[in-house]
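Colleague: Please take me slowly through a single part of this model, beginning wherever you think a close look pays off. After that, I would like to see how that part fits into the rest of the chain.

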Amino acid sequence: MGAAKPGAAFLSAVGMVSASALAYEVLLMRLFSVIQWHHFAYMIISLALLGYGVSGMVLALNRERMVRNFSATIGANIVLFGVAAPLCFLLAQQFQFHPAEMLWMPLQWLNLFAVYLLLAIPFFFAANVIGLAFYYYRNDVSAVYAADLLGAGGGSIAIIVLLNLLFPQKILAVLILSAVVSAWIAWRCGPADRGAEWGAWFGVPVFLGIAALVMTTQLLPLNVSPYKSQPQLLLIPGTQIIARNSSPLGVVSVVNSGITPLRHAPGLSLNATIEPPGQLAVFTDADNMTAITRYEGDP
């Protein structure tokens, strides 16, 4: 232990884990901007650090035991990260956390605490992979560190690309796929030990099935805060979302009000007698409403 050098394949697995962890961190910021407000999105940085800090403590107390089956342990932690990433977010949404109620409802502080701890769990598993690799290959730390940094940079770029292609909740399935591939590499290309062979041939199909299930179904709906303006508008009969688009800057939704005409005219004089033309409501991250006004040929 500690004398062997990590192979290129194993280093690529470490890089993929680091990329997935950074992508997940940015993704959670986007998801929280949608379901809550952007003010709470930045707590994601601190909960990621919490997961990494707890991992450091666990590794300090159990590292000798964990390196006895190094490849199996690394692969298991990668898979647990891939499963925990969507699962913990799904569970976190079951807590009815509404920041607007924190001033008069003490239960909301407990909900915030539960959400905070749940979302730190995936980062704990990702940090176990990085930290254990550092310890096992402690005579060649620079190579592992380079893979970690390159992966983190690549993940930060990849999440921007993915946010242009997929809605945020669907990207959680991509993280499962990334975890499965990197776990298989760790099981097959790391040091041979008990459990690695079993995981490579039997664990991979199971988690690929989980990824496909998440990608092709609506298992991960976003429970948007009812205090945002889009959910409020959708309570009116006859309203429906007719178009949606995702980008790194926000999720844009276009809402049509078929029965009750939309009247969005900020700054319109109270003395105005002309009825505004038809409008469609446009929301960014389920809030910040603007309108698309029908042009009827009269400037």
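Modeller: Ala286 is placed in the loop between E3 and E4, where helices (H or I, at least four residues) and strands (E, at least two) are DSSP runs numbered from the N terminus. This is a predicted model, in which local features need pLDDT of at least 70 and side-chain atom pairs count only at pLDDT 80 or more, while totals for chains, interfaces and linings use all residues. Residues are numbered from 1 along each chain as its sequence is written, and side-chain values use heavy atoms, with hydrogens and water left out.

The backbone at Ala286 deserves attention, since its phi is near 65°, a positive value in a residue other than glycine. With a relative accessible area of 5%, Ala286 is buried; that word stands for under 20% relative accessible area, exposed for over 50%, and partly exposed for what falls in between, using a 1.4 Å probe and protein chains only. Asn288, which lies in strand E4, also has a positive phi in a residue other than glycine, here near 55°. Asn288, however, is exposed, at a relative accessible area of 55%.

In the loop between strand E3 (279-284) and strand E4 (287-293) there is also Asp285, and its side chain meets that of Arg30 in a salt bridge, at 2.6 Å from N to O. Arg30 belongs to helix H1, so the pair ties together parts that are 255 residues apart in sequence. A salt bridge here is a side-chain nitrogen of Lys or Arg within 4 Å of a carboxyl oxygen of Asp or Glu, and a search of the whole structure finds one. Both partners are buried: Arg30 has a relative accessible area of 8%, and Asp285 has 9%.

Helix H1 (residues 8-35) also holds Ser12, which counts as partly exposed at 33% relative accessibility. The C-alpha atoms of Ser12 and Val144 are separated by 9.5 Å, although their positions lie 132 residues apart along the chain.

Turning to the other strands, E1 (residues 239-247) and E2 (residues 250-257) run antiparallel and are joined by eight bridges; two strands are taken to pair if DSSP finds at least two bridges between them. A hairpin of two residues links E1 to E2, and Arg244 stands opposite Ser253 in E2. In a regular strand the side chains alternate between the two faces of the sheet.

Thr239 lies in E1 and is buried, with a relative accessible area of 13%. Its side chain reaches the backbone oxygen of Leu233 at 3.3 Å, and a polar atom of the Thr239 side chain lies 3.3 Å from the backbone oxygen of Leu234. These are polar contacts, meaning pairs of N or O atoms within 3.5 Å; within protein, one atom must be able to donate a hydrogen and the other to accept it, and residues adjacent in sequence count only if both atoms are side-chain atoms. Leaving aside residues up to four places away in sequence, Thr239 touches Leu233, Leu234, Val255, Asn256 and Ser257, a contact being heavy atoms within 4.5 Å.

For the wider setting, the protein chain has nine helices and four strands, and from the N terminus the order is α-α-α-α-α-α-α-α-α-β-β-β-β. Of its 299 residues, 46% are buried. Among contacts between residues at least 6 apart in sequence, 73% join residues at least 24 apart. The chain exposes about 15100 Å², with carbon and sulfur atoms supplying 68% of it; accessible areas come from the Shrake-Rupley method with a 1.4 Å probe, and for residues only the protein chains shown count as cover.

On the surface, Leu50, Val54, Met57, Leu61, Phe113 and Leu117 form a nonpolar patch with about 570 Å² of accessible area together. Patches are made of residues with over 30% relative accessible area and no salt bridge, nonpolar side chains (Val, Leu, Ile, Met, Phe, Trp, Tyr) being joined within 5 Å and like charges within 9 Å. Helix H3 (43-66) and helix H5 (107-136) each supply at least two residues of this patch, and the largest share, four residues, comes from H3. Leu50, found in helix H3, is partly exposed at a relative accessible area of 31%.
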